[in-house]
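Hi everyone, thanks for making time. Let's have a look at this one together, going from a pair of strands to a helix and then to a single side chain.

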Amino acid sequence: MELVSSEAEEYAAKFSSEEDGLLHALNLHTIKTHAHAHMLSSHVQGSFLTMLSQLLHPKTILEIGTFTGYSALCLVKGLQFGGKLHTIELRDEDATTAKAYFELSTYRDNIVQHVGDARQIIPALNELWDMVFIDADKTGYIDYYELILPSVKPNAVIIADNTLFHGQVLEQNVSGKNAIAMHAFNEHVKKDTRVQQVLLTVRDGLTLIRKL
């Protein structure tokens with residue numbers, strides 16, 4: 001299902017701040033070389049992540065699901081001086097691509113990269129989070145959410161990507177393990193009295209969750 005028309009996406013990109021050179025290069029590289037390039041955060045979504053990070057001005061950011069590094073390079077721009085962004089990626093090949101582009105960034109000293117299973121890495125980080133971005137395997141969203149929430153500061157924001165999952169969550173009978181998992185996550189957050197949330201129809205669905 002086309003949630004947002006390609007014409008609207010192009011128009012939005014035209015009137016959003018341009019990608020910097022590094023983001024543009026990574027965008028093109030991913031599209032040309034990666035079999036799952038559609039998983040890359042778009043120019044508009046990346047601009048939104050950058051602006052939100054700059055508004056929140058976090059000291060600590062956790063990203064679950066690095067992919068090739070585009071979203072991390074967007075989020076890191078809002079860090080406080082001396083702040084850190086921790087990013088976790090399961091796949092070695094994607095982590096290697098991300099690392100190469102992180103090394104080209106002026107924020108390279110602010111990015112801490114982890115490779116492996118987020119379920120094992122998160123409990124060992126021993127941080128309190130100002131901002132979290134979840135964009136990993138969809139069947140793990142509820143686990144990641146419950147793992148991180150105790151370490152999320154009050155009024156801090158969790159951003160969950162793909163919460164509309166290509167429109168499949170809108171079907172009367174949701175099918176497919178990822179769509180089922182995303183619908184279950186949306187229901188889980190909706191019922192959680194510890195947070196306030198809003199699901200935005202940006203690209204494939206972005207849910208902003210504020211810890212109370």
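Strands S2 (84–89) and S3 (111–115) run parallel and are joined by five bridges; two strands pair if DSSP finds at least two bridges between them. One of the partnerships links glutamate 89 with valine 115 in S3. From S2 the chain passes through H5 to S3, a right-handed β-α-β crossover: with the strands pointing away from the viewer, the path from the first strand over the helix to the second runs clockwise.

A word on the source: this is a predicted model, where local features need pLDDT of at least 70, side-chain atom pairs count only at pLDDT 80 or more, and totals for chains, interfaces and linings use all residues. Residues are numbered from 1 along each chain as its sequence is written, and side-chain values use heavy atoms, leaving out hydrogens and water.

Now, which residues of H5 are buried, meaning under 20% relative accessible area with a 1.4 Å probe, protein chains only? They are Asp94, Ala95, Thr97, Ala98, Tyr101 and Phe102. These residues lie on the same side of H5 because they cover an arc of only 160 degrees around the axis, taken from the directions from the helix axis to the C-beta atoms. On the other side, Asp92, Glu93, Thr96 and Leu104 are exposed, that is, over 50%.

Finally, serine 41 sits in the loop between H2 and helix H3 (43–56). Serine 41 counts as buried because its relative accessibility is 4%.

Methods:
Helices (H or I, at least four residues) and strands (E, at least two) are DSSP runs, numbered from the N terminus. Contact means heavy atoms within 4.5 Å.
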